[in-house]
Amino acid sequence: MAGGWAKDGAVSEQIEASINDELARLKARRQPRGESLTHCAECDEEIPEARRTALPGVKLCIDCMSERDATSAKRGGINRRGSKDSQLK
Ligand SMILES: [Zn+2]
C-alpha cells in the first residue's frame, strides 16, 4: 500500500494515537479511494449497499458517521446544518 507517511522511531504513542484518530476522522470524512466495508468499522453494523455505492470507501455506518460528524463539529469543525433527511440511511 502506498501508505506514505509511516514514521519509524520513538514517537510518543500518545501523539501517534491522536494522529491516527485524526486520520481516521479525515478518512471517514473525505472518503478517499479504497474499498467500502460491508460492516461498520466501529460497531459492526451492516452498511447498506446503497450507502457503500454512494460513498466509495465508506467505513462507518450512518450512526457512527453522524457521531463522528458531531464530534468534529464540537471540536470546532464544520458546522453544517444540511438536512440529514436527504442523506442515505
Ligand atoms: Zn457503526
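Me: What spacing do the donors of the zinc ion follow along the chain?
Reply: They follow C-x2-C-x17-C-x2-C. Keep in mind that this is a predicted model.

Me: What makes Cys40, Cys43, Cys61 and Cys64 donors of the zinc ion?
Reply: Their SG atoms lie 2.3 Å from the zinc ion. A donor has to be an N, O or S atom within 2.8 Å of the metal, so these sulfurs qualify.

Me: Why is the arrangement around the zinc ion called tetrahedral?
Reply: The 4 donor atoms subtend angles of 102 to 116°. The rule asks for all angles between 85 and 135 degrees, so the name fits.

Me: Where along the chain do Cys43 and Cys64 sit?
Reply: Cys43 is in the loop between α1 (13–30) and α2 (49–54), while Cys64 is in helix α3 (residues 62–74). They are 21 residues apart, and the pair links distant parts of the chain.

Me: Why is Cys64 called buried?
Reply: Its relative accessible area is 12%, and buried means under 20%, so Cys64 makes the cut. Cys43 has 39%, which falls between 20% and 50%, so Cys43 is partly exposed.

Me: How do you know that Glu42 forms a salt bridge with Arg68?
Reply: Their closest N and O atoms are 2.3 Å apart. The limit is 4 Å, so the pair counts. Glu42 is in the loop between α1 and α2, and Arg68 is in helix α3, 26 residues apart. The count by this rule comes to 1 salt bridge.

Me: What makes Arg68 buried and Glu42 partly exposed?
Reply: Arg68 has a relative accessible area of 18%, under the 20% cut-off, so Arg68 is buried. Glu42, at 48%, lies between 20% and 50%, so Glu42 is partly exposed.

Conventions:
Residues numbered from 1 in each chain as written. Predicted model: local features only at pLDDT ≥ 70, side-chain atom pairs only at ≥ 80, totals over all residues. Heavy atoms only, no water. Donors = N, O, S within 2.8 Å, 3.2 Å for Na, K, Ca; no water. Tetrahedral: all angles 85-135°; square planar, octahedral: opposite > 155°, others 65-115°. Helix = DSSP H or I, 4+ residues; strand = E, 2+ residues; numbered from the N terminus. Buried < 20%, exposed > 50% of the residue type's maximum accessible area, 1.4 Å probe, protein only. Salt bridge = Lys/Arg side-chain N within 4 Å of Asp/Glu carboxyl O.
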